[in-house]
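The exercises below are meant to be worked through with the sequence and the model side by side. Try each task on your own before you read its solution.

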Amino acid sequence: MAIGGKEARENKTRYRKNGLNEEDSYMVRNKLLLAAAILSGGAFASPAAAQSEQFIPILSYRTGAYAVNGVPYANGVADYYNLVNERDGGINGVKILFEECETGYATDKGVECYERLKGKGPTGAAFVNPLSTGITFALTEKTTTDKIPIITMGYGRADSKNGAVFAYNFPLLGTYWSAADIAIQHVAKEVGGFDKLKGKKISLLYHDSPYGKEPIPMLQVLAKKYGFEFTPIPVTHPGVEQKSQWLSIRQNRPDYVLVWGWGVMNGTAVKEAAAVAYPRDKMIGVWWSGAEPDVQPAGDQAVGYKALMLQHGAGKFPVHAEIEKHVYAKGKGASEPGKIGEVLYNRGMVNAMLGVEAIRKAQEKFGKKPLTGEQVRWGLENLNLSEARLKELGFEGMLKPIKISCSDHEGARDGRVQQWDGKGWKVISDWYTANQSETEPLVDEVSAKYAADKKIQPRDCSKES
Amino acid sequence: MLYREAGQFKTTYAEDMAIFPIRQDRMALAILLGIAFIGVPLLADFDIWPFGSDYLLRAILLPFLILALAAIGVNILVGYCGQISLGSGAFMAIGAYSAYKLGTGVHIPLDWLGFAISIPPLPVLLSILLGGLAAAVVGILFGIPSLRIKGLYLAVATLAAQFFFDWVFLRVPWFTNYAPSGSVSAPTLDFFGLNVGTPIERYMLCLIFVTVFAFLAKNLVRGNLGRQWMAIRDMDIAAELIGIRPLYAKLTAFAVSSFIIGVAGALWAFVYLGSWEPLAFSIERSLQLLFMVIIGGLGSIMGSFIGAAFILILPIMLNLLPTQLGVPLSTETITHLEFIIFGSLICYLLIKEPHGFARLISIGKEKLRLWPFPY
Amino acid sequence: MIALGQFLEVLIGGLMSGVLYSLVALGFVLIFKASGVFNFAQGAMVLLAGLALVRSLDLLVANGFPLWVAIVLGIGFAAVIMAITAWLIERFVIGPLVNQNALTLFMSTIGVTFVLEGAAQMIFGSDVYPLRLFPTDIWLLFESHFPGGILVNQLDVWGGLIAGILVAGLAIFFQQTKTGRALRAVADDHMAAQSVGIPIGWIWFVVWLVAGLVALVAATVWGTKLGVQFSITFLALKALPVLIIGGLTSVPGAIVGGLIVGAGEKLAEVFLGSHIGGGIEYWFAYVLALAVLLVRPQGLFGERIIERI
């Protein structure tokens, strides 16, 4: 070694004498190791859980590069479970027991968290919600073996909409292929019709990961159909450096830039767009690129930026009042009170609500007791939330009715577009519904390939009740 | 009293050259292997806590074994040959993706030549080993600069491999069989007609791999090649003067090390993750492996295991602890504390014993020899 | 056909972002020069400095202090935090590890990185905190010559100015002050320096402090660019090739390395990346560094490595 090594050999004298001599420090170390061994033994002990509790794991990330988006989401989830416990005493009397595990958005830690939490509680995990497309891919096979449903609301693998092949995956409320279709519908409306799309230039600025790549095949299909010019532009994780991408965009002058970012990438995209004077109102983010932390740091530069909505947007609804009354008034809230009602907080809440309702549905069939993942899967597949039920739950105006079935694990594919006005998000469009005739062939093709690769015999959905 | 080689006479050259010349060492190893090969499966079979739960097998032992194997690979390069590498993650990725391609069938259309190269899907075992081989070839390629660049400069140069292959596996759809998301999943794990699916089967599979490679590595490093590597490590110019060819020694170290890391990468992808993306082999993985080697002890096969256990399990324990003890801390605080404590412990260990756990073991052995009459 | 206007624009943009990398790389160089420690924690130090600054600034402004007072006090507070950090690192990590080999020292700074990242976020929070110290408007130059003009971001210009001042300041510090000269003596041979009465522990503290202050300066610029948040720590990885190209021991090398890396990677990304799929700038910088090392194993401006038996 060229550096330092020689000096080390020449000079063995220590610059500062250590307090302990060799032997003492050895003893100390042994004791430390012993303590560690004892502690590690204890760590495997599962706490005695009451028999009438339903366990739900929360795979969250409150630290690291994506914490900015992970924190409000996890808060929404935790607050809703607390609400159900505090206000109703659980789901039909079955209390929800939940535990968070920090994944840091890393796949291997996500797998560790899943393994750690899947067996907790009297019946194991009811379902798992990893909030990361990468972890979803890694868990898809494991959850099928373990018979635990995996809810990926608004993310995950788009082909898993096909419940015949992906029995345990539930990409509720919309996949990225639906999102791509909705985004193009909105662009078409802005330019004055689908026929006007011909010859337009649309770029996709995406996070270079399974998440960001997911919409590409759909957009390619749409580009061919409507004759617009489609350019995917990757941004390397975590997305702090986008200057060259935006310099290309400045030269290329696409008519629209779709943003498929997460974490720091969103905010940086908005700032860099301002730095090259690309009009922000020609940018359309996916529903993961349209929350407050994405635009607030950019200040005035973000005004005009648009993003899809996964049905709901920001703002407070009756359910928020309930949460403030039953959770925050008792000091059990997870979030800063000022951040209740933010986009990602609401999304976490919606996600928790759908899970809870699936358990409630499953309880109709299997009884009012803690249920296994397999039973909850039935509940999810038969979930049917009507307008009236959503009103009862306090989600009126946030969500449209949703109905899941064996062949359709997505349930609803509606979205709107919102725009940032410098202070808040404003809804600027009507409802769009993704055109199934466009997404469906791709779903069938890719899921059939998956089934063939994995030797899965697709279920016959006509026979499922 | 217990650990003493007095009275163990070596009467043949073969005995003198044995891997483990001391009887007590052999017994300890036999017990360890016995526990690993027979004890753990039995405990798991009878559902004895904590071995009955999937968690220990799937989330602790499995990654531990695979990362220990990778750490052995890194140790050969860094610990035995003295070439610092921050690109280990890339070599794991090469192993994983090559094994994936070979396991699912390779098709290279060479239209301009008028034919195509097609290899049918190979058996899993073969594709894992060939994945290692592919990593070895690339390892040699990226080892060439080491003849000119040394020390920390080399470490940063190996980062070129890291970032380049991160990009290649993200960007070249051929490697992922044109999967739309760029995430691929492993073929079913069939070994000679035996389907490896349950956690305990996966554990046994990795254990066999690790044991075989650990013995091979242990043998290799004490042989001619290993001594060449160590000579290069200690002072490359002096080694060259006494007739060791740096080109040969360094490149073999890169090849052997990358081979083992590549096999570990393939196992990590196939057996542990099952479905993966390039981010699974990012720079963090490289740093983690380097930590394992340094905390475990540079130039020690046993140290690689201890280092892997320490670096992998400590953060998990730190993370589990507050919940288990019922301390009401938010996950956020726990994770930050985990970072702080983990970082401090690493610094503490490096200060107290810069040569890692392996040195502690040899000090321990020395003391045992004299025990109970140290003077 | 590449338009000249675009080429110049990308080139200028690249050079400017290269200077911003140099701001981070400078911290590395200072510490390596004086103590042979390859300080991986520089990225975490930028995060810590940025968080300390932005959080105190927000607090002071919220309590009704005028902006300029808040900025001065905030910078003062962040500097104090960096001084404490420097003292802790020197006292508890680098001091006891003196004379260990370079790899051990390097790994210990990764340990320090973990501690700093955890502590900084635990104390100051892990949200995005906007910081607006410099203008981020754009200038369009030569609009008459090129369609659309050549775009230059004012923040980049500020970054360049600050880097220039910083390098000049460091040069004066090293050449003219007593501490600076002592620092160079320690860098040359710390045993000899110690034997002529230079307090080596104090000198190392000063070096880490200066590196901390450089991190603070980098944090003001990068914080304005990105908002202060965890992702700033990734800058360490962008600064490494800069460092290697310039040479680990050369302050001007860090600037020149930054210019080369910035211009090289941006040009490659814009003009080459579009043909092979994009996203190449991360590895391109490293491959560039590798290529330079093959010609000059000690970097462009590094001290020649002389090996003796």
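Two residues are in contact if their C-beta atoms, placed from the backbone, lie within 7 Å. Please keep in mind throughout that this is a predicted model.

**Exercise 1. The contact between chain A and chain C**

Task: Find how many residues each of the two chains brings to the contact between chain A and chain C, and then work out which element of chain A gives the most to its side.

Solution: Begin with the counts, which are 38 residues from chain A and 41 residues from chain C. Next, look at the elements on the side of chain A that touches chain C, where α1 (5-10), α3, β6, α9 and α10 (264-275) of chain A each supply at least two residues. Among these, α9(A) gives the most, with six residues. Finally, sort the residues on this side of chain A by character, which yields 19 nonpolar, 13 polar and six charged.

**Exercise 2. The contact between chain C and chain B**

Task: Repeat the analysis for the side of chain C that touches chain B, and state which helix gives the most to that side.

Solution: The contact draws 39 residues from chain C and 38 residues from chain B. On the side that belongs to chain C, at least two residues come from each of α4 (102-124), α9 (235-246) and α11 (281-295) of chain C. The element that gives the most is α4(C), with 17 residues. When the residues of this side are divided by character, one finds 28 nonpolar, nine polar and two charged.

**Exercise 3. A helix of chain C**

Task: Describe the length of α11(C), and decide whether this helix is mostly covered or mostly uncovered.

Solution: First take the length: α11(C) has 15 residues and reaches 21 Å from its first C-alpha to its last, which is close to the 21 Å expected at 1.5 Å a residue. Then turn to burial, for which the cut-off is 20 or more other C-beta atoms within 10 Å of a residue's own. By this test eleven of the 15 residues of α11(C) are buried, and the helix is mostly covered. The buried residues include Trp283(C), Phe284(C), Leu288(C) and Ala289(C). As a last step, ask what they pack against: the partners are α9 (243-252) of chain A, α6 (151-171) of chain B, and both α9 and α10 (251-276) of chain C.

**Exercise 4. The largest nonpolar core**

Task: Identify which residues touch the most other members of the largest nonpolar core, and explain why this core lies between the two domains of chain A.

Solution: The largest nonpolar core has 382 residues, and those that touch the most other members are Leu69(B), Leu267(B) and Ala289(C). Helix α3 (residues 54-80) of chain B gives the most to this core, with 20 residues. The core lies between domain 1 (53-175 + 313-412 + 439-463) and domain 2 (177-309) of chain A because both domains give residues to it.

Now follow Leu69(B) outwards, leaving aside its neighbours within four places in sequence: Leu69(B) is in contact with Phe209(B), Val210(B), Phe213(B), Ile260(B), Val263(B) and Ala264(B). Ala70(B), which is found in helix α3 of chain B, counts as buried because it has 32 C-beta neighbours inside 10 Å. Not counting residues up to four places away in sequence, Ala70(B) touches Ser88(B), Met92(B), Ile261(B), Ala264(B) and Leu289(B).

**Exercise 5. Backbone details**

Task: Compare the surroundings of Tyr105(A) and Asn177(B), and then state which form the peptide bond from His237(A) to Pro238(A) takes.

Solution: Tyr105(A) is found in the loop between β2 (95-102) and α4 (107-117) of chain A, and its phi is near 65 degrees, a positive value in a residue other than glycine. Since Tyr105(A) has 29 C-beta neighbours inside 10 Å, this residue counts as buried. Asn177(B) lies in the loop between α6 and β3 (184-185) of chain B, and its phi, near 50 degrees, is also positive. With 15 C-beta neighbours inside 10 Å, however, Asn177(B) counts as partly exposed.

For the last step, the peptide bond from His237(A) to Pro238(A) is cis, with omega near 0 degrees, and Pro238(A) lies in the loop between β6 (229-235) and α9 of chain A.

Key. Residues numbered from 1 in each chain as written. Chains lettered and ligands numbered in written order. Predicted model: local features only at pLDDT ≥ 70, side-chain atom pairs only at ≥ 80, totals over all residues. Helix = DSSP H or I, 4+ residues; strand = E, 2+ residues; numbered from the N terminus. Nonpolar A, V, L, I, M, F, W, Y, C, P; charged D, E, K, R; others polar. Core = buried A, V, L, I, M, F, W, Y, C linked by C-beta atoms within 7 Å. Buried ≥ 20, exposed ≤ 12 C-beta atoms within 10 Å, placed from the backbone. Domains from an automatic or database assignment. Expected span 1.5 Å × (residues − 1).
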